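Please have the sequence and the model open while you read this note. Take the points in order, and find each residue as it comes up.

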Amino acid sequence: MNRLTALRENMKSRGMDAVIILDELNQRYLSEFAFTDGLLLITQNTAHLITDFRYYEMALAKANKGFEVVMPSDRGKLIDEILKEQGVAVVGFEGSFVSYEIYEAYVAKYPYVKFVSLGDMLAVMRRIKTDDEIEKMQKAQDITDKAFAHVLKMITPEMTELDV
């Protein structure tokens, strides 16, 4: 099962019609693309990676193909259009990440929507690793082991950290 499908199943079981993702770690986990300016808006039917001109071309090439990459001149207006068009009533957000100020801004801008915290939903999802993730973790560990073995052959008790 891919990440968007798993997320949508979790959303449905918690009564959420959409989620807004602002945390860069969660954005990368879900979209498979690292960016620092933007957000993900995921509904039961669509997934949008909303960013600016600096990331647009690379996101088109690298992001999960389940996402529509967009670069709107007015992000708030685009979010409003998507939420209304899809009849979204409940939006999940990263309650432990989003500031109260941002939360209040969303509530004021989209008064027709109820905002609820995702709680630990994404953290729980991220705990379960795919075969590809496990393979990459093993490769990283193998490289670390080789580097450590190499350093062990070189160091002596009288050496300082700077000497190493």
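**Notes on the model**

1. Start with Glu 32, which sits in the loop between α2 and β2 (38–43). The model is a predicted one. Glu 32 has a positive phi of about 60 degrees, although it is not a glycine. Most residues other than glycine have a negative phi. Is Glu 32 buried, partly exposed or exposed? It is partly exposed, because its relative accessible area is 45% and the partly exposed class runs between the 20% and 50% limits.

2. Now step back to Leu 25, in helix α2. Leu 25 is exposed, because its relative accessible area is 55% and exposed means over 50%. Look next at Thr 36. Leu 25 and Thr 36 are 11 residues apart in sequence. In space, C-alpha to C-alpha, they are 9.8 Å apart.

3. Turn to the largest pocket. About 460 Å³ of space lies in it. Two elements give two or more residues to its lining: α2 (24–31) and α7. Which of the elements gives the largest share of the lining? That is α7, with four residues.

4. Stay with the lining of the largest pocket. It is made by 14 residues. Arg 3, Arg 28, Tyr 29, Glu 133 and Lys 136 lie nearest the pocket's centre. How many of the lining residues are nonpolar, polar and charged? Five are nonpolar, one is polar and eight are charged.

5. Lys 136 deserves a second look. Its side chain meets that of Asp 132 in a salt bridge, 3.4 Å from N to O. Both residues lie in helix α7. They are four residues apart, about one turn of the helix. Lys 136 counts as exposed, at 56% relative accessibility. Asp 132 counts as partly exposed, at 43%.

6. Some salt bridges share partners. They join Asp 37, Asp 52, Arg 54 and Arg 75 into one network. Within this network, the side chains of Asp 52 and Arg 54 meet in a salt bridge of 2.7 Å, N to O. Why does Asp 52 count as buried? Its relative accessible area is 11%, and buried means under 20%. The count for the model comes to seven salt bridges.

7. Compare the bridge in helix α4 (residues 75–85), where Lys 84 and Asp 80 both lie. Their closest N and O atoms are 3.4 Å apart. Lys 84 and Asp 80 are four residues apart, about one turn of the helix. Lys 84 is exposed, with a relative accessible area of 52%.

8. Next comes Tyr 56, found in helix α3 (residues 56–62). Tyr 56 is partly exposed, with a relative accessible area of 23%. Where is Met 71 relative to Tyr 56? Along the sequence, the two are 15 residues apart. Their C-alpha atoms are 6.7 Å apart in space.

9. Set that beside Asp 120, in the loop between β6 (114–117) and α6 (121–127). Asp 120 counts as partly exposed, at 41% relative accessibility. Asp 120 and Gln 138 are 18 residues apart in sequence. Their distance in space is 26 Å, C-alpha to C-alpha.

10. Finish at the surface. Which residues make the nonpolar patch of about 540 Å²? They are Phe 148, Val 151, Leu 152, Met 154, Ile 155 and Val 164. Met 154 is in helix α7. Ile 155 is in the segment after α7 (131–154).

11. Check how open these two patch residues are. Met 154 is partly exposed, with a relative accessible area of 48%. Ile 155 is partly exposed too, at 35%. Both values fit the patch rule, because patches take residues with over 30% relative accessible area. Val 164 is another member of the patch. Met 154 and Val 164 are 10 residues apart along the chain. Their C-alpha atoms are separated by 8.1 Å.

Methods. Residues numbered from 1 in each chain as written. Predicted model: local features only at pLDDT ≥ 70, side-chain atom pairs only at ≥ 80, totals over all residues. Heavy atoms only, no water. Patch = residues over 30% accessible without salt bridge, like charges linked within 9 Å, V, L, I, M, F, W, Y side chains within 5 Å. Areas by Shrake-Rupley, 256 points an atom, 1.4 Å probe, with all protein chains shown as cover. Salt bridge = Lys/Arg side-chain N within 4 Å of Asp/Glu carboxyl O. Buried < 20%, exposed > 50% of the residue type's maximum accessible area, 1.4 Å probe, protein only. 1 Å grid on protein atoms, 1.4 Å probe; cavity = no way out; pocket = protein on both sides within 12 Å on 5 of 7 lines; lining within 4 Å. Points joined across faces, edges and corners; volume = space filled by probe spheres on them. Nonpolar A, V, L, I, M, F, W, Y, C, P; charged D, E, K, R; others polar.
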